[in-house]
Amino acid sequence: PPVSQNNEQGSTLRDLLTTTAGKLRLGSTDAGIAFAPVYSTGTASGKSGRTMPNILDDIIASVVENKIPPNRAPKINVKSEIKDEPKDDRKCIQDDCSKLYSDIQYSWICDKHVLWLRDHKNNNNWKLFKECWKQGRPVLVSGMHKKMNFSLWKAESISLDFGNQQADILNCKDSIISNTNVKEFWDGFEDVSKRQKIKNGETALLKLKDWPSGEDFKAMMPARYEDLLKSLPLPEYCSPEGKLNLASHLPGFFVRPDLGPRLCSAYGVAATKDHDIGTTNLHIEVSDVVNILVYVGIAKGNGVLSKSGVLKKFEEEDLDDLLRKRLKDSSELPGALWHIYAGKDADKIREFLQKIAKEQGLEVLPEHDPIRDQSWYVNKKLRQRLLEEYGVKTCTVIQFLGDAIILPAGALHQV
């Protein structure tokens with residue numbers, strides 16, 4: 001029967017999802033759902049006809065067709081909205097938001113691909129964020145550290161409180177993971193002479209991967225957990241209780257991804273001989289991610305680049321003019337270099353990395369996915385080839401102390 005005749009119907013989309021989910025029989029062209037399915041038609045391999053119903057389309061169709069009482073006209077005129085909708089959303093936002101959002105401090109960076117919200121305190125930020133987020137674009141919010149208790153996030157503070165804990169430490173150079181006392185990691189965080197050595201006496205580039213994470217984070221570090229939650233940017237979206245954080249409100253029968261929070265800590269590449277490696281290889285997250293840079297250590301010891309040397313390494317990147325200007329601001333402290341790609345380019349990047357692997361004589365197995373396996377850090381030379389051979393441009397972002405980078409699910413990135 002249609003939903004309007006079903007006693008189990010709910011008054012909200014969530015209720016509809018809940019009452020409908022148990023009725024779905026995937027793998028059948030007759031889904032057995034509680035309302036008439038909407039089938040897509042098309043041509044594949046020269047054949048056309050009904051295909052598996054699109055579950056989301058079914059739900060939307062049911063809501064549209066059956067949830068508006070027949071004696072009451074809908075409040076929204078869909079046709080007029082579609083008619084007035086501009087063809088180029090991006091152009092619309094960039095042309096009109098200076099008038100619509102004159103009370104928000106913002107800029108566009110990375111060839112207008114990334115929105116930079118410069119005032120973290122502005123309660124209207126979410127309005128402009130919403131327009132950008134609809135298009136699946138990354139967003140940068142600066143100044144989050146000003147809302148946080150900075151002393152909680154210092155390396156020596158974390159080492160003092162949790163140095164006796166055991167955790168997995170990743171050697172980013174050769175991807176070897178070892179379980180060790182975290183005090184060893186923190187002792188070398190800002191003192192290169194105390195870092196582990198690998199072959200040829202080279203300093204190891206270590207990463208304390210996702211420690212702690214999720215419920216462990218909340219249980220181990222309650223003060224830091226509370227400090228983080230009260231400081232989240234755009235709490236309507238990012239807070240676990242945010243009304244627009246849909247993942248937090250999904251019904252219990254959904255398998256949720258690990259929504260964190262998790263602490264990611266790594267040594268800087270500047271103290272290593274090889275600057276063509278990263279601390280986080282190219283990968284995709286299955287959920288939207290907000291990453292806040294809460295602390296930047298200043299390494300000391302032999303072989304470490306000076307501050308001007310570090311800035312020079314940043315300046316060698318293909319940077320937006322606004323990012324170059326931030327580098328020259330003595331009040332700003334750069335800590336991480338991000339390369340971000342749109343999800344639509346994933347197949348091209350995957351093909352490119354398999355091509356490079358073959359060129360390097362590596363075995364390319366059909367079941368291996370270079371992005372899923374997180375086996376590549378795409379260096380500057382490869383990023384240039386990716387642009388020239390596949391037309392895929394890299395979005396380069398410098399993350400300064402206190403910057404929150406918000407990425408939509410499916411966006412590829414390396415750090």
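What share of the contacts in the chain with a separation of 6 or more comes from residues 24 or more positions apart? In this predicted model, such residues account for 68% of those contacts. The chain has 415 residues, of which 41% are buried, and its secondary structure comprises 14 helices and 15 strands. The points below cover the chain as a whole, a pair of packed helices, the cysteines, the unusual backbone geometry, and selected residues with their surroundings.

**The chain as a whole**

- The area exposed by the chain is about 23,700 Å², and 51% of this is supplied by carbon and sulfur atoms.
- Buried residues constitute 41% of the chain.
- The structure contains zero disulfides.

**Packing of helices α13 and α14**

- Two packed helices are described by the angle between their axes and the distance between the axes.
- Helix α13 spans residues 346-359 and helix α14 spans residues 380-390; they pack at an angle of about 115°, and their axes lie 11 Å apart.
- The crossing that α13 and α14 form is right-handed.
- On the α13 side, the contact is made by K348, I349, E351, F352, K355, I356 and E359. On the α14 side, L382, R385, L386, E389 and Y390 take part.
- Classified by residue type, this contact of α13 with α14 consists of six nonpolar and six charged residues, with no polar ones.

**Helix α6 and its cover**

- Helix α6 covers residues 155-162, and its buried residues are A155, S157, I158, S159 and F162.
- The elements that cover these buried residues of α6 include α7 (182-187), α8 (214-220) and α9 (222-230).

**Cysteines**

- C395 takes part in no disulfide; the nearest cysteine sulfur belongs to C110 and is 3.0 Å away. A disulfide requires the two sulfur atoms to be within 2.5 Å, so the pair does not qualify.
- C395 has a relative accessibility of 7% and therefore counts as buried, the limit being under 20%.
- C110 also counts as buried, at 13% relative accessibility.
- C132 is buried as well, with a relative accessible area of 1%.

**Unusual backbone geometry**

- Most residues other than glycine have a negative phi, and most peptide bonds are trans.
- C110 is not a glycine, yet it has a positive phi of about 55°. This cysteine is located in the loop between β3 (106-109) and β4 (114-117).
- K112 lies in the loop between β3 and β4, and it has a positive phi of about 65° although it is not a glycine.
- Is K112 buried or partly exposed? K112 is partly exposed, because its relative accessible area of 44% falls between the limits of 20% and 50%.
- The peptide bond that runs from W211 to P212 is cis, with omega near -15°. P212 is placed in the loop between β8 (206-208) and α8.
- A cis peptide bond also links G260 to P261, with omega near 0°. P261 sits in the loop between α10 (235-238) and β9 (265-266).

**S213 and its surroundings**

- S213 is located in the loop between β8 and α8, the loop that holds P212.
- With a relative accessibility of 18%, S213 counts as buried, because the limit is under 20%.
- Which residues does S213 contact, leaving aside its neighbours within four places in sequence? The residues in contact with S213 are D258, P261 and R262. Of these, P261 follows the cis peptide bond from G260.
- S213 and C264 are separated by 51 residues in sequence, and their C-alpha atoms are 9.1 Å apart in space.

**L311 and its surroundings**

- L311 belongs to helix α11, which spans residues 307-315.
- L311 has a relative accessibility of 19% and therefore counts as buried, again under the 20% limit.
- Not counting residues up to four places away in sequence, L311 touches L327 and P334.
- L311 and L333 are 22 residues apart along the chain, and 10.0 Å separates their C-alpha atoms.

Technical notes. Residues are numbered from 1 along each chain as its sequence is written. This is a predicted model: local features need pLDDT of at least 70, side-chain atom pairs count only at pLDDT 80 or more; totals for chains, interfaces and linings use all residues. Side-chain values use heavy atoms; hydrogens and water are left out. Axes are lines fitted to C-alpha atoms, for helices over the stretch in contact, and angles run from 0 to 180 degrees between N-to-C directions. Helices (H or I, at least four residues) and strands (E, at least two) are DSSP runs, numbered from the N terminus. A crossing is left-handed if the near helix is turned anticlockwise from the far one by less than a right angle, and right-handed if clockwise. Contact means heavy atoms within 4.5 Å. Ala, Val, Leu, Ile, Met, Phe, Trp, Tyr, Cys and Pro count as nonpolar, Asp, Glu, Lys and Arg as charged, and the others, Gly among them, as polar. Buried means under 20% relative accessible area, exposed over 50%, partly exposed in between (1.4 Å probe, protein chains only). Accessible areas come from the Shrake-Rupley method with a 1.4 Å probe; for residues, only the protein chains shown count as cover.
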